[in-house]
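The exercises below concern salt bridges, a sheet and its covering helix, and surface exposure. Work through each task with the structure open, then compare with the solution.

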Amino acid sequence: MREVVILGSTGSIGRQALEIIAAHPEKLRVIAITSAGTHPELVIAQAQAFNVGIIGVVENADVIRAGLPGVKVIDGRFASTEIASIECDVVLNAITGSIGLGPTLAALDSGNILALANKESLVAGGELVMAKSRPHQIIPVDSEHSAIWQCAMAGKREEISKLILTASGGPFVDRTDLSSVSVADALKHPTWSMGNVVTINSATLVNKGLEIIEAHYLFSMPYTSIDAVIHRQSIVHSMVEFCDGSTIAQASPPNMKGAIAYALNFPHRFMAATAPIDWSSVHNWSFEPIDSSRFPAVALARHCGELGGAMPAIFNAANESAVAAFFAGKIAFNDIVSIVEHVTKHLEESALSPLRDLADVSAIEDNAKALTHEYLTRLAH
Ligand code: MG
């Protein structure tokens with residue numbers, strides 16, 4: 001029996017993880033769940049369905065306590081961080097955004113195995129996270145990184161010459177005019193069903209930029225050895241090229257269940273975690289380079305990653321603020337990446353020293369978010 005802690009249980013990844021756990025009660029048991037608490041009725045339902053003993057929420061703690069007598073409810077901003085260090089077999093960090101960094105560091109500090117879906121942890125605090133983690137303590141859940149993790153097993157570490165991340169291209173891969181895109185348009189992803197923030201990040205391709213940085217830290221590969229290609233069908237989840245010219249790909253229909261199940265049960269595979277590819281029908285898989293003039297986010301992320309220091313954290317913080325402003329109807333879709341570009345350029349000189357701790361990351365993020373807001377206010381006038 002493997003005891004699991006889920007951080008971010010009400011989000012897309014958290015809910016799918018619970019479905020996997022429900023299907024394998026003989027192998028997996030949830031002992032604690034955390035979430036923002038925005039949907040208290042869902043938290044209560046999850047806790048009851050899985051007989052969870054410990055719950056962490058930021059808000060609505062009283063409603064949840066009243067609905068779950070006898071269950072321990074930890075509330076406040078640091079609830080996920082506290083719960084990440086509970087002794088268990090695996091902590092799944094499925095929080096969205098760089099607020100997931102504190103819980104990631106806490107899970108690693110306590111020696112827990114970390115199934116990491118929160119890519120922003122590695123973007124905002126990659127050096128800190130990797131310095132704390134022992135080999136194989138972090139198991140990637142992001143589908144691309146799970147694919148690379150699986151493909152990498154086909155050879156030795158020093159035989160890997162390149163990582164190739166695939167990108168669906170998002171809903172606007174063929175759209176030439178991106179100025180009139182609405183929130184509803186941007187939320188219509190062609191192949192993947194995901195949370196709202198990652199769906200917008202997929203439409204701008206910021207997501208692929210974040211994932212390049214994530215891959216750099218997870219697999220300690222230089223940026224020059226990490227490529228990204230458009231693969232519209234989202235069936236090949238990523239690839240690893242070896243020194244002999246051989247490329248190994250991982251393929252399965254677009255569904256996070258396989259990657260989540262593999263991370264929760266590593267190194268074992270569950271029976272039928274996801275439906276396999278149906279080879280009785282015709283498949284055409286395409287691969288094409290990313291058009292960087294329409295999607296400048298990937299090159300910008302790579303640039304920030306190569307500069308290092310606080311630049312990836314600034315890239316992510318500016319994007320988080322810009323995406324919130326897009327959801328609020330304050331800026332156009334096209335403005336998201338221009339704002340990120342403006343903020344990262346502005347802070348480039350001052351942000352190259354290494355981040356020493358979580359407080360450093362928070363300070364640099366606050367600064368980037370303040371500058372983003374200042375810029376947004378100027379845009380609005
Ligand atoms: Mg991904």
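**Exercise 1.** Classify the two partners of the salt bridge between Arg356 and Asp360 as buried or exposed.

Solution. Arg356 has a relative accessible area of 67% and is exposed. Asp360 has 17% and counts as buried. The cut-offs are under 20% for buried and over 50% for exposed, with partly exposed in between (1.4 Å probe, protein chains only). The side chains of Arg356 and Asp360 meet at 2.9 Å, N to O. A salt bridge here is a side-chain nitrogen of Lys or Arg within 4 Å of a carboxyl oxygen of Asp or Glu.

The model is predicted: local features need pLDDT of at least 70 and side-chain atom pairs pLDDT 80 or more, while totals for chains, interfaces and linings use all residues. Residues are numbered from 1 along each chain as its sequence is written, and side-chain values use heavy atoms, with hydrogens and water left out.

**Exercise 2.** Find the sequence spacing of the salt-bridge partners Arg65 and Asp62, and of Glu341 and Lys345, and relate the spacing to the helix.

Solution. Step one: Arg65 and Asp62 both lie in helix H3 (residues 61-67), three residues apart, about one turn. Helices are DSSP runs of H or I with at least four residues, strands are runs of E with at least two, and both are numbered from the N terminus. The closest N and O atoms of Arg65 and Asp62 are 3.5 Å apart. Arg65 is partly exposed at 34%, and Asp62 is exposed at 61%.

Step two: Glu341 and Lys345 are four residues apart in helix H14 (residues 333-347), so about one helical turn separates them. Their N to O distance is 3.9 Å. Glu341 is partly exposed at 31%, whereas Lys345 is exposed at 57%.

Step three: an α-helix has 3.6 residues a turn, so residues three or four places apart point the same way.

**Exercise 3.** State how many salt bridges the model has, and which residues are linked in a network.

Solution. The count comes to 19 salt bridges. The network links Lys119, Asp142, Glu144, Lys208 and Glu211.

**Exercise 4.** Give the strand order of the open four-stranded sheet and identify its edges.

Solution. The order is S9-S8-S10-S11, with mixed pairing. Strands S9 (226-230) and S11 (247-251) are the edges; each has a single partner strand, so one side of each lacks a neighbour in the sheet. From one strand to the next the twist averages 20°. Two strands pair if DSSP finds at least two bridges between them. Strand S10 (residues 236-242) pairs with S11 in the antiparallel sense over five bridges. Val240 stands opposite Ile248 in S11.

Helix H10 (residues 206-218) lies across S8 (160-167) and S9, at about 155° to S8. Axes are lines fitted to C-alpha atoms, for helices over the stretch in contact (heavy atoms within 4.5 Å). Angles run from 0 to 180 degrees between N-to-C directions.

**Exercise 5.** Determine how many residues of helix H11 are buried, and list them.

Solution. H11 (residues 257-265) is mostly covered, with eight of its nine residues buried. They are Lys257, Ala259, Ile260, Ala261, Tyr262, Ala263, Leu264 and Asn265.
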